[in-house]
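Here are my notes on the model, as numbered points. Please read them with the structure open.

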Amino acid sequence: MPREVVSAVVGICHFARAWGVAPDGMLRGNGLIGDEDAARLEEWIWTISYALSMILDGDAAEAFSAYDDERLR
């Protein structure tokens, strides 16, 4: 996987957490995102970062298992 792609995914996760999940982040601090949406965003960030980790470890089958489990509920 190209370095630029890994850097972009890590950046997306970092800034989403900093801006949307952190209580003093841009969205939460200005009342633009509520607790329920912040929790949903955190779940997505976790799913994306876990998938990246699994792909980098060479386990593409496991990479999206959390997403698949959630989607099938």
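Which residues are linked in a network of salt bridges? Glu 36, Asp 37 and Arg 40 are. The model is a predicted one. The points below start with this network and then move out to the helices and the whole chain.

1. **The network, first pair.** Glu 36 pairs with Arg 40 in a salt bridge. Their closest N and O atoms lie 3.5 Å apart. The cut-off for a salt bridge is 4 Å, so this pair qualifies. Both residues sit in helix 3, which covers residues 35–56. They are 4 residues apart, so about one helical turn separates them.

2. **The network, second pair.** Arg 40 also forms a salt bridge with Asp 37. Here the closest N and O atoms are 2.8 Å apart. Asp 37 and Arg 40 again share helix 3. Their spacing is 3 residues, about one turn of the helix. Arg 40 thus takes part in a bridge to Glu 36 and in a bridge to Asp 37. In general, side chains of opposite charge can pair when their charged atoms come close.

3. **Accessibility in the network.** How exposed are the three residues? Glu 36 is exposed, at 60% relative accessible area. That value is over 50%, which is why Glu 36 counts as exposed. Arg 40 is partly exposed, with 41%. Asp 37 is partly exposed too, with 37%.

4. **A bridge to Arg 28.** Asp 35 forms a salt bridge with Arg 28. The closest N and O atoms are 2.5 Å apart. Asp 35 is exposed, with a relative accessible area of 58%. Arg 28 is partly exposed, at 24% relative accessibility. The cut-off for buried is under 20%, so Arg 28 does not count as buried. In total, the structure holds 4 salt bridges.

5. **Helix 1 against helix 3.** At what angle do these two helices pack? The angle is about 160 degrees, and the axes are 10 Å apart. Helix 1 is therefore roughly antiparallel to helix 3. Helix 1 covers residues 3–21. The crossing of helix 1 past helix 3 is left-handed.

6. **Who makes the contact.** From helix 1, the contact includes Val 6, Val 9, Val 10, Cys 13 and Ala 16. Arg 17, Gly 20 and Val 21 of helix 1 also take part. On the helix 3 side, the residues include Ala 38, Leu 41, Glu 42, Ile 45 and Trp 46. Ile 48, Ser 49, Leu 52 and Leu 56 of helix 3 contribute as well. The residues of this contact divide into 13 nonpolar, 2 polar and 2 charged.

7. **Trp 46.** Is this residue of helix 3 buried, exposed or partly exposed? Trp 46 is partly exposed, with a relative accessible area of 45%. Trp 46 belongs to the contact with helix 1, as does Ala 16 from the other side. Trp 46 and Ala 16 are 30 residues apart in sequence. Their C-alpha atoms are 11 Å apart in space.

8. **Glu 36 and Val 10.** Glu 36 has its place in helix 3. Along the chain, Glu 36 and Val 10 are 26 residues apart. Their C-alpha atoms are separated by 23 Å. Val 10 is among the helix 1 residues that make the contact with helix 3.

9. **Phe 15.** Phe 15 lies in helix 1. At 41% relative accessibility, Phe 15 counts as partly exposed. Phe 15 and Gly 25 are 10 residues apart in sequence. From C-alpha to C-alpha, Phe 15 and Gly 25 are 9.5 Å apart.

10. **The chain as a whole.** How many helices and strands does the protein chain have? It has 5 helices and 0 strands. From the N terminus on, the order is α-α-α-α-α. The C-alpha trace spans about 40 × 35 × 10 Å along its principal axes.

11. **Burial and contacts.** The protein chain has 73 residues, and buried residues make up 19% of them. Take the contacts between residues at least 6 apart in sequence. Of these, 33% join residues at least 24 apart.

Technical notes: Residues are numbered from 1 along each chain as its sequence is written. This is a predicted model: local features need pLDDT of at least 70, side-chain atom pairs count only at pLDDT 80 or more; totals for chains, interfaces and linings use all residues. Side-chain values use heavy atoms; hydrogens and water are left out. A salt bridge is a side-chain nitrogen of Lys or Arg within 4 Å of a carboxyl oxygen of Asp or Glu. Buried means under 20% relative accessible area, exposed over 50%, partly exposed in between (1.4 Å probe, protein chains only). Axes are lines fitted to C-alpha atoms, for helices over the stretch in contact, and angles run from 0 to 180 degrees between N-to-C directions. Angles under 35 degrees count as roughly parallel, over 145 as roughly antiparallel, 65 to 115 as roughly perpendicular and the rest as oblique. A crossing is left-handed if the near helix is turned anticlockwise from the far one by less than a right angle, and right-handed if clockwise. Contact means heavy atoms within 4.5 Å. Ala, Val, Leu, Ile, Met, Phe, Trp, Tyr, Cys and Pro count as nonpolar, Asp, Glu, Lys and Arg as charged, and the others, Gly among them, as polar.
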